[in-house]
Amino acid sequence: MELYLDSANIEEIRHAASLGIISGVTTNPSLLAKEDPKIDVRKRILEIHSLVGGHLSVEVISTDADGMLREADEILKWFPEATIKIPMIPEGLKAVSKLSDQDVETNVTLIFNPVQALAANNAGATYVSVFVGRLDDTGADGMEVIRDVREIWDIQGLSSLILAASIRHPIHILESAKAGADIATCPYKPLMQSLGHPLTDKGLSAFLEDYKKMQDEIAKLKS
Ligand code: G3P
């Protein structure tokens, strides 16, 4: 399973990219607004693109297919390998279908059930983004949707990549991998939390202390 960073924050993206663990970045209007409500979106997206050579999803804000397609044209002028992120609404599917005909990559976002994912796949979506955490927030089991989508995809031989989004904690990352998601897009905090373990820190301290003891003994012998 690949990991993407779900962020529009340059420092977070720079750091995660420097670790070599992310192969893409997903953004949305809320993440951009969180950075700065007056943000220059084009400038920020191009900054992110220069930091992460891989996948970069940029979301449209129109709610009609023609508007979405106009925005997609504009984004593709910024950088031609952009993935156009489109909401899971009927007009969105219409836009996805047109973009798919032009071989433009699309990420259908705000998916909350497997039939929405199926429709997005059939329209030609490259990625289907299932919002796990927001489903959990309602008392549902968000990961169950990822499991169902994986099962349907395997039975039917479907091709859209399954993207687990709205990740809230490291267990979501683990469960996404076990459920067969192709990608999990994670905010910086749970991504960094998932890298650590108290026994790793304890073990490293012991190794360093023991090494220092050895060096001290060698220094004593030499003196
Ligand atoms: O990028 C879309 C998704 O990951 C949003 O997550 O935390 O706002 O539910 P969240």
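Here are some notes on the chain and its ligand, taken point by point.

1. **What we are looking at.** Keep in mind that this is a predicted model. The chain has 223 residues, and 44% of them are buried. Its secondary structure adds up to eleven helices and eight strands. If you lay the C-alpha trace along its principal axes, the span is about 80 × 40 × 30 Å.

2. **Where the ligand sits.** The ligand is found in the largest pocket. Around the ligand you will find Asp6, Asn28, Lys85, Phe131, Arg134, Ala165, Ser166 and Arg168. Sorted by class, that shell comes to four charged, two polar and two nonpolar residues.

3. **Polar contacts to the ligand.** Three side chains are worth clicking on here. In Asp6, an N or O atom of the side chain is 2.5 Å from an oxygen atom of the ligand. For Arg134, the distance from a polar side-chain atom to a ligand oxygen is 2.7 Å. Arg168 also has a polar side-chain atom by a ligand oxygen, with 2.9 Å between them. As for cover, the ligand on its own has 310 Å² of accessible area, and the protein covers 83% of that.

4. **Ser166, part of the ligand shell.** Ser166 is one of the residues surrounding the ligand. Look for Ser166 in the loop that runs between β7 (161-165) and α9 (170-179). The backbone deserves a glance too: phi of Ser166 is positive, about 60 degrees, even though the residue is not a glycine. Is Ser166 buried or exposed? Its relative accessibility is 9%, so Ser166 counts as buried.

5. **Asp103, another positive phi.** Asp103 is not a glycine either, and its phi is positive, near 60 degrees. The residue belongs to the loop between α5 (90-101) and β5 (106-111). Here the relative accessibility is 71%, so Asp103 counts as exposed. Put the two side by side and you have a buried loop residue in Ser166 and an exposed one in Asp103.

6. **Ser7 and the start of the chain.** Ser7 is placed in the loop joining β1 (2-6) to α1 (10-18). What does the side chain of Ser7 reach? The partner is the backbone nitrogen of Asn9, at 2.9 Å. With a relative accessibility of 2%, Ser7 falls under the 20% cut-off and therefore counts as buried.

7. **Asn121, a side chain to a backbone.** Asn121 is part of helix α6, which covers residues 114-123. Its side chain reaches the backbone nitrogen of Ser159, and the distance is 3.3 Å. Asn121 has a relative accessibility of 11%, so this residue counts as buried.

8. **Ala164 and Ser176.** Ala164 lies in strand β7. At 0% relative accessibility, Ala164 is classed as buried. In sequence, Ala164 and Ser176 are twelve residues apart, while their C-alpha atoms are 6.5 Å apart in space.

9. **Ile173 and Leu3.** Helix α9 holds Ile173, which is buried at 10% relative accessibility. How many residues apart are Ile173 and Leu3 in sequence? The answer is 170, yet C-alpha to C-alpha they are 8.8 Å apart.

10. **Two partly exposed residues.** Ile21 is in the loop between α1 and β2 (24-26), and at 28% relative accessibility Ile21 counts as partly exposed. The C-alpha atoms of Ile21 and Tyr4 are separated by 8.4 Å, with their positions 17 residues apart along the chain. Glu47 lies in helix α3 (residues 41-51) and has a relative accessible area of 33%, so Glu47 is partly exposed as well. Glu47 pairs up with Ile10: 37 residues apart in sequence, 7.7 Å apart in space from C-alpha to C-alpha.

Notes
Residues are numbered from 1 along each chain as its sequence is written. This is a predicted model: local features need pLDDT of at least 70, side-chain atom pairs count only at pLDDT 80 or more; totals for chains, interfaces and linings use all residues. Side-chain values use heavy atoms; hydrogens and water are left out. A residue is near a molecule or strand if one of its heavy atoms lies within 4 Å of it. A polar contact is a pair of N or O atoms within 3.5 Å; within protein, one must be able to donate a hydrogen and the other to accept it, and residues adjacent in sequence count only if both atoms are side-chain atoms. Accessible areas come from the Shrake-Rupley method with a 1.4 Å probe; for residues, only the protein chains shown count as cover. On a 1 Å grid over the protein atoms alone, a cavity is a set of points where a 1.4 Å probe fits but cannot get out, and a pocket is an open set with protein on both sides within 12 Å along at least five of seven lines; lining residues have an atom within 4 Å of a point. A molecule sits in a cavity or pocket if more than half of its atoms lie within 2 Å of its grid points. Ala, Val, Leu, Ile, Met, Phe, Trp, Tyr, Cys and Pro count as nonpolar, Asp, Glu, Lys and Arg as charged, and the others, Gly among them, as polar. Helices (H or I, at least four residues) and strands (E, at least two) are DSSP runs, numbered from the N terminus. Buried means under 20% relative accessible area, exposed over 50%, partly exposed in between (1.4 Å probe, protein chains only).
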